[in-house]
Amino acid sequence: MKTKLLLFLSFILFASQWSFAQNRSYQLSSHILDINSGSPAPGVKISLYKLDTTDNTWTQVDEKVTDENGRIKDFLPDNADNKGVYKLTYHVGPYFEAKGQDSFYPFIDVVFQIKDDNHYHVPITLSPYGYSTYRGN
């Protein structure tokens, strides 16, 4: 009986931790769409920096790699004050090298400002010789 109770309590504890992890939300996400191929760009490293306004230097906050859908969904946890000026550096040179394509941009810096607690989505559309960005949702 004690073993069954212990197993049941262990399951409840595991399930509650798994549920909490699944519900965690983030304030910043990004996406890369390769418009040359019409598909997402997986495996691209993206570095996130925050501007220190006291001395105008950039501090790296995070670094991740896009998933199979060209997305990173989990920059900047929602439970913090994330207001400030940020820079996403998209390291696209290796992506094009792996595809055997020449490209013009070894990396792309996108600078933006977070002014509130809303979600910010910063995608880029990418080709070997150009890119575009906008604030998505």
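Confidence in this predicted model averages a pLDDT of 88 along the chain, and 83% of the residues score at least 70. The exception to keep in mind is the stretch of residues 5-21, where the pLDDT is below 50 and where, beyond near neighbours in sequence, the model has 0 contacts. Where pLDDT is low, the predicted coordinates should not be read in detail.

The largest nonpolar core comprises 23 residues, and those with the most contacts inside it are L28, I32, F75, L88 and Y90. At least two residues of this core come from each of β1 (26-34), β3 (45-52), β5 (71-77), β6 (84-91), α2 (93-98), β7 (108-114) and β8 (120-127).

Strand β1 deserves a closer look. Of its 9 residues 7 are buried, so β1 is largely enclosed by the rest of the structure. Its pairings with other strands are set out below.

| Strand pair | Sense | Bridges |
|---|---|---|
| β1 and β5 | antiparallel | 4 bridges |
| β1 and β8 | parallel | 7 bridges |
| β1 and β2 (residues 39-40) | antiparallel | 2 bridges |

Individual residues show how these pairings are arranged: L28 has F75 in β5 as its bridge partner, S29 stands opposite H121 in β8, and D34 is matched with S39 in β2. The hairpin of β1 and β2 has 4 residues between the strands, and in this hairpin G38 takes a positive phi near 75°.

L28 also links the pairing to the core: leaving aside residues up to four places away in sequence, L28 touches L48, K73, D74, F75, L76, L88, F112, H119, Y120 and V122, and of these F75 and L88 are, like L28, listed with the most contacts inside the core.

How values were computed: Residues numbered from 1 in each chain as written. Predicted model: local features only at pLDDT ≥ 70, side-chain atom pairs only at ≥ 80, totals over all residues. Heavy atoms only, no water. Core = buried A, V, L, I, M, F, W, Y, C linked by side-chain atoms within 4.5 Å. Buried < 20%, exposed > 50% of the residue type's maximum accessible area, 1.4 Å probe, protein only. Contact = heavy atoms within 4.5 Å. pLDDT = per-residue confidence, 0-100. Pairing = 2+ DSSP bridges.
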